[in-house]
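This report goes through one structure, beginning with its helix pairs and sheets and ending with its ligand.

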Amino acid sequence: EQIEKGGYEHFMLKEIHEQPHAIKDTYRGRLRAKEGIIKMAGIDDNLEKFTNASRIIIVACGTSWHAGLVAEYIFENLARIPVEVEYASEFRYRNPVITNNDVVIAISQSGETADTLAAIKLAKEKGAFVFGVCNVVGSSIARETHAGAYTHAGPEIGVASTKAFTTQITVLTLIALKLGKIKGALSNSDYHYHLQELELIPEKVEKALKSDAHIKMVADIYKDAKNCLYLGRGYNFPVALEGALKLKEISYIHAEGYPAAEMKHGPIALIDDQMPVIVIAVNKGHYEKVVSNIEEIKSRSGKIIGIVTEGDTSVKKLADHVIEVPETLESLTPLLTTIPLQLLSYHIAVMLEKNVDQPRNLAKSVTVE
Ligand code: G6P
């Protein structure tokens, strides 16, 4: 096992650090940025299904569901295709309205999650075209879907999913860019710019990982917190959900993710000087609005940890700590902002002496309902 961990103390830490490579493996052979080409057999062979789709329904569980939520923003913005994201467990029992004009995308690291598998079977019965995004090659979901694309992240052993999440987002971004180009939703220059920036993501993730020592220091300050709030907007709202899930899963600290603007409708009542609030405040999208959310937290004495773009000055003035990530296009920011949140929960769990790779009550693959 020590050899498999490759010198890291835990699989989770190894898998967090594998992300630059894993993301590269995901787009290898698919993304040819210089030529402006995205090649994906599962999409190319079924192009009409996607271009004629009236909408895309994404079904998944857990972290894969969060990747689906990020994909909702990506597909709607880049390809202008309406998207609905569903918990597989709810979808399958809701008698959902599905037609043969719908494309269902099932996202699953293991490819064995029982609820997701059942949702796929239901969607197929109702005539939808079902596309799988799985990590495990030859898994049940990979076999049950009409077509698919593997994430190629390599084996993920830590129960808390890390590299599966960022590689799922990478695959879904490739699909959205390809469809956006074909459907004319993206200008030529925007398309090429996205491809170039996506190709640069692995080295930017590498850079984001360099904040590890600083994040460890922040973890030490907040490790005894009883509750944590995670806030983000737009593309980074699902990242806030995922950050909170990571902390819950491995440190057993209660954490909630919320869209920053919804804070005023409830969570703001929880804020006092005992409440760490992790705010994703990169310099894109709704930056000014997030900064004003941060001011509201500060005026109630909340402790602020800002995830910011390199060189940020406004959040730095307000926050107790900032953790920087490199600059990129707004649609690609989740691939970077996720990294410090993974490391923060990892270090807190280690400091609390929890079983990081095998947290209590959780399983890597949930093959029962
Ligand atoms: C379990 C795992 C999570 C995972 C979820 C969905 O709860 O502990 O890490 O996100 O199942 O798994 P899947 O393999 O379908 O992505």
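At what angle do helix H2 and helix H9 pack, and how far apart are their axes? H2 (residues 19–27) and H9 (residues 163–182) pack at about 30°, with axes 9 Å apart. That angle makes H2 roughly parallel to H9, a word used for angles under 35 degrees. Axes are lines fitted to C-alpha atoms, for helices over the stretch in contact, and angles run from 0 to 180 degrees between N-to-C directions. Helices (H or I, at least four residues) and strands (E, at least two) are DSSP runs, numbered from the N terminus.

The model is predicted: local features need pLDDT of at least 70, side-chain atom pairs count only at pLDDT 80 or more, and totals for chains, interfaces and linings use all residues. Residue numbers start from 1 along each chain as its sequence is written.

**Two helix pairs**

The crossing of H2 and H9 is right-handed, that is, the near helix is turned clockwise from the far one by less than a right angle. On the H2 side, the contact is made by Gln19, Ala22, Ile23, Thr26 and Tyr27; H9 supplies Lys163, Thr166, Thr167, Thr170, Val171 and Leu174. Residues are in contact if their C-beta atoms, placed from the backbone, lie within 7 Å.

Helix H11 (residues 212–222) and H15 have axes that come within 8 Å and cross at roughly 50°. That makes H11 oblique to H15, the term for angles that are neither under 35 degrees, nor over 145, nor from 65 to 115. The crossing of H11 and H15 is also right-handed. Among the residues in this contact are Ile215, Val218 and Ala219 of H11 and Leu343, Leu344 and Ile348 of H15.

The table gives the make-up of both contacts; Ala, Val, Leu, Ile, Met, Phe, Trp, Tyr, Cys and Pro count as nonpolar, Asp, Glu, Lys and Arg as charged, and the others, Gly among them, as polar.

| Contact | Nonpolar residues | Polar residues | Charged residues |
|---|---|---|---|
| H2 with H9 | five | five | one |
| H11 with H15 | nine | one | three |

**Two sheets**

Five strands form an open parallel sheet in the order E4-E3-E5-E6-E7. Two strands pair if DSSP finds at least two bridges between them. The edge strands, E4 (83–87) and E7 (147–150), each pair on one side only. The twist averages 20° from one strand to the next. Strand E6 (residues 129–134) runs parallel to E7 and is joined to E7 by four bridges, and Cys134 stands opposite Tyr150 in E7. H5 packs on this sheet, touching E3 (55–60), E4 and E5 (102–108), and its direction makes about 175° with that of E4.

Another open sheet of five strands has the order E9-E8-E10-E11-E12, with parallel pairing. E9 (254–259) and E12 (321–325) stand at its edges with a single partner strand each, so one side of each is left without a neighbour in the sheet. Here the twist averages 20° from one strand to the next. E8 (residues 227–232) and E10 (residues 276–281) pair over three bridges, and Leu231 stands opposite Val279 in E10. Helix H12 (residues 237–251) lies across E8, E9 and E10, at about 175° to E9. H15 (residues 334–351) lies across E10, E11 (303–309) and E12, at about 135° to E12.

**The ligand**

What surrounds the ligand? The shell has 16 residues, the closest being Gly62, Thr63, Ser108, Ser110 and Thr113; a residue counts as near if its C-beta atom, placed from the backbone, lies within 6 Å. Helix H5 (residues 62–79) gives the largest share, three residues. By class, the shell has five nonpolar, 10 polar and one charged.

How values were computed
Contact = placed C-beta atoms within 7 Å.
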